[in-house]
Amino acid sequence: MDCFTSGLVNYVAIPAALLYLAKYLWKVYFDSSKDASVNLPLPPGTYGWPIIGNTINFIIRSKKGNYYKEMYDTYGPVYKTHLFGKPMVRVCGEKMVANLLNNDYDNFQKSWMKTVQDLLGPFALTNSPVQFHKDKRRIFMHAFAPNALEEHCSQIKRIVKRDMSDWTKVHQINTHTAIDKMAYHAVCEVLLGVPQNIIDLPQFQSDFKDYVAAFFGLPINLPNTVFGKGLRARESMRKMLRPHIREIISNSVNKDSTSSGLRFILSAHEDQKHEVTETEIFDSVMEILFTAHITVVSSLTSLVMFLGQNPKILEKVRQEIDDLGIKDLSSDFNYKKLQELTYLSDVIKETLRLAPPAGAVVRQTHKTIQVGNYQIPKGWLIACGIGDVHDNDDRWSETDRAKFNPDRWRNLEKTTARYGYIPYGLGPRLCAGRAYVDVFQRILAVGITKDYDYELVNPNPNIKRFPVYHPEDLLPTRYYKRD
Ligand code: HEM
């Protein structure tokens, strides 16, 4: 054997063979978790490589295209993969997803995976086990009761008006970045009621960025991993928010005139004579920060994008707002009045159908369950794909499905219950903050139709779906004040 051949064997062939052996053993290991008492096969698919599974492949392919679509095309509506440190089965069929989530409490103990459990904390609503979830949710929902929404409406109106006035000061602005800032102000001021002076804003924003990134990485807690940095950012934010949390716990009975979502939650605790700890409140704060930011930014940016791409639809929205007597963001309108905008409702619905911000609802099984003709063993993750359900909704033809057409909702016969549209999830853990998002979307719609005109610099941007749906170029836009 010459030097070149022996080098090839030592440095290429043997490591490659060992790698493939490891991959095979990795597969054997997970296949052995199949429940022998259930006479059904595991779904088709692949567990990827040892330890990392398909996570790296997923991140790379999601940047270029749509990993889930490729998997769906290869394996069908139920397939296995290995992501974020666990075997996971992706379920895409509308009926199967509805069946799983409508029976959520039966099928699953609590939602989500390790990254989410550690980053949100045990007292977050999302992490609450079945026996505590219902009561906790009732308390949490006080932040979105009609009286709370009335208050949120006037606060959001003030923030949108204030922030949008900066959008015309420059020649063009990235709408996604501008909305990111605006939504962040809204979370802090409206939902958390954090006075700007108690936090070091640049530090808080940088921590928040690390914190959010950690939800979408491998759950490996080392100093330089994405997850490790996220956990440290959580601690840093805890230190900054501690004085505010202590202050609201001690003063929550004397609500001030502008109540934040957090104060509504605290008063609900008091009404139920339930003492809350600092940790419980901190977990709720982190949950609100995480759930109410990136999804809201995504949905508001998409609204600006779709209306910018469809001037006739934008004109109809403007007309409807006008007909209701809303002149601009300075007009005296409230939450109740905004609900009368029915065409705008359809526009918002269509936006969330085509561009659902949350990719999937993820659960962990606590017993072996059947999905289609397959078994999902105990302890595995199940991800119900939201975009997949929307993309395969057969109420419309395949070509029609891809079009932005708000009128489809008006013309739809409401005969049978269908689950083809689930941007906020389904069942007992349906999104708790959807009414807040809806108010925000409506107020922004007033701003972009009545206070400002705008043009998209690049009307057809490349779309990224990871970690949430967003235009790759962040939607550069020119805004002009209307007379
Ligand atoms: C367009 C924006 C939003 C979208 C698309 C969205 C989507 C979702 C989805 C799909 C779920 C279900 C997750 C699951 O079943 O595991 C969920 C749950 C949740 N969302 Fe949202 N969300 C949005 C905005 C918000 C906002 C603004 C809040 C405000 C705090 C919020 C708070 C929550 C909470 C607390 C849960 C957990 C509910 C529970 O476990 O009972 N979301 N959201």
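This tour moves from the whole chain to the surroundings of the ligand, then to two single residues and a set of paired strands.

The model is predicted, and local features were taken only where pLDDT is at least 70, side-chain atom pairs only at pLDDT 80 or more, while totals for chains, interfaces and linings use all residues. Residues are numbered from 1 along each chain as its sequence is written.

**Whole chain.** Display the protein chain as a cartoon, which should show 21 helices and twelve strands, where helices (H or I, at least four residues) and strands (E, at least two) are DSSP runs numbered from the N terminus. The radius of gyration, taken over C-alpha atoms, is 24 Å, close to the 23 Å that the globule rule (2.2 Å times the number of residues to the power 0.38) gives for 483 residues, so the chain is as compact as a globular protein of that length. Along its principal axes the C-alpha trace spans about 85 × 55 × 55 Å.

**Around the ligand.** Select the ligand next, together with the 23 residues that surround it (C-beta atom, placed from the backbone, within 6 Å); the closest are A292, T295, G425, C431 and G433. The elements that give two or more residues to this shell are α13 (278–291), α14 (294–309) and α21 (434–451).

**C431.** From the shell, pick C431, which lies in the loop between α20 (407–410) and α21 and is covered by the annotation "binding site" in an unreviewed UniProt entry, although such annotations may be inferred rather than shown by experiment. C431 counts as partly exposed because it has 17 C-beta neighbours inside 10 Å, where 20 or more would make a residue buried and 12 or fewer exposed. Leaving aside its neighbours within four places in sequence, C431 is in contact (C-beta atoms, placed from the backbone, within 7 Å) with Y424 and G425.

**M141.** Now select M141, in the loop between α7 (130–140) and α8 (146–164), and draw a distance to G433: the two C-alpha atoms are 8.1 Å apart, although the residues are 292 apart in sequence. M141 is partly exposed, with 17 other C-beta atoms within 10 Å.

**Strand β12.** Finally, select β12 (residues 476–481), which pairs in the antiparallel sense with β4 (residues 173–174) over two bridges, pairing being defined as at least two bridges found by DSSP. Within that pairing, N174 has P476 as its bridge partner. Strand β9 (residues 452–456) also pairs with β12 in the antiparallel sense, over five bridges, and there Y454 stands opposite Y479.

Note on methods. Contact = placed C-beta atoms within 7 Å.
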